[in-house]
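Have the sequence and the model open side by side. We will walk through charged pairs, then end at the surface.

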Amino acid sequence: MSIKYADFLKRLKEERKRSNLSQAELSNKLKIEQSHYSKVERGVARLTFYEVQRLYEVDMDVEYIFTGNRCDKKNLELFDDMRYSELLLAINILYSWIEYKCKETKLNFYADIFHKTEYMKFIRFSYSGDKTAFFFLRKCLNKTQVQMAELLGVDVKKLRALENGGILPDSEIIWKLYADYYILPAVIVQSEKGLALEICSLLHLLGQEEIKGFLSEMYDIQDLLNQFWG
């Protein structure tokens with residue numbers, strides 16, 4: 001177990017206590033046995049893909065647990081009625097905005113944010129399809145399956161299964177995607193709440209004019225989507 005993943009476990013325990021939840025109460029919300037959850041906190045076991053999904057529905061700051069960064073909930077109500085596909089589009093619009101500002105201004109402020117979002121715009125996937133985020137990330141990095149498996153700390157057989165959706169990533173692999181490539185856990189587990197919180201956090205980092213420009217563009221596109229979807 002890496003030291004960094006140990007930090008994830010430390011924050012998981014910290015957030016559980018901050019939310020005034022016992023191990024039994026949290027394990028009940030995650031629909032797992034307390035004995036299994038206890039092993040998760042000790043680093044002996046991992047949360048499954050679906051257990052991480054359920055973690056987003058608990059009153060805990062999941063992004064902080066995975067990333068060490070607190071989410072800013074200001075403007076969260078703006079995204080209450082948006083579906084996952086709309087939120088994914090919105091966050092990609094925001095990433096494109098950041099990339100534009102980075103290249104236009106050449107300021108370190110935008111460069112630092114862009115560095116943390118540059119891989120996200122390549123993630124186009126569905127776990128119901130035949131390709132996942134792991135496949136697109138490997139192609140983006142121009143790595144072979146052997147090289148990518150080594151980077152993720154898994155064997156090639158497991159990587160192939162992750163790429164084609166044969167298996168789903170556990171909490172440590174989800175954490176590693178963020179730790180190494182800043183790919184959000186909320187995107188991997190397709191959490192609407194998590195995506196909305198990430199958008200709010202990024203908006204908090206930007207100035208007022210950038211926020212106005214982004215929101216204007218986002219809602220123009222959302223109107224088009226609503227017309228298309230009915």
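In which helix do Glu99 and Lys103 lie, and how many residues apart are they? Both sit in helix H6, with a spacing of 4 residues. That spacing is about one turn of the helix. Keep in mind that this is a predicted model.

The two side chains form a salt bridge, and the closest N and O atoms of Glu99 and Lys103 are 3.1 Å apart. Their surroundings are not alike. Glu99 has a relative accessibility of 18%, so it counts as buried, the cut-off being under 20%. Lys103 has a relative accessible area of 55%, so it is exposed, the cut-off here being over 50%.

Now move along to helix H11, which covers residues 171-181. Here Asp180 pairs with Lys176 in a salt bridge. The closest N and O atoms of this pair are 3.0 Å apart. Again the partners share a helix, 4 residues apart, about one turn. Asp180 is partly exposed, with a relative accessible area of 36%.

Salt bridges can also join up through shared partners. One such network holds Glu14, Glu15, Arg18, Asp61 and Arg70.

Take one pair from that network. The side chains of Arg70 and Glu14 meet in a salt bridge at 3.5 Å, N to O. This pair links distant parts of the chain, with the two positions 56 residues apart in numbering. Glu14 belongs to helix H1, residues 3-18. Arg70 lies in a loop instead, between helix H5 (62-67) and helix H6 (84-105).

Are these two partners buried or exposed, or something in between? Arg70 has a relative accessibility of 41%, so it counts as partly exposed. Glu14 has 33%, so it too counts as partly exposed. Both values fall between the cut-offs of 20% and 50%, which is why neither residue is called buried or exposed.

How many salt bridges does a search of the whole structure find? The total is 10. Those described above are among them: Glu99 with Lys103, Asp180 with Lys176, and Arg70 with Glu14.

Finally, leave the charges and look at the surface. Leu107, Phe109 and Leu205 form a nonpolar patch there. Together they have about 270 Å² of accessible area. Phe109 lies in helix H7, residues 108-115. With a relative accessible area of 39%, Phe109 is partly exposed. A patch residue needs over 30%, so Phe109 passes that cut-off.

Notes:
Residues are numbered from 1 along each chain as its sequence is written. This is a predicted model: local features need pLDDT of at least 70, side-chain atom pairs count only at pLDDT 80 or more; totals for chains, interfaces and linings use all residues. Side-chain values use heavy atoms; hydrogens and water are left out. Patches are made of residues with over 30% relative accessible area and no salt bridge: like charges are joined within 9 Å, nonpolar side chains (Val, Leu, Ile, Met, Phe, Trp, Tyr) within 5 Å. Accessible areas come from the Shrake-Rupley method with a 1.4 Å probe; for residues, only the protein chains shown count as cover. A salt bridge is a side-chain nitrogen of Lys or Arg within 4 Å of a carboxyl oxygen of Asp or Glu. Buried means under 20% relative accessible area, exposed over 50%, partly exposed in between (1.4 Å probe, protein chains only).
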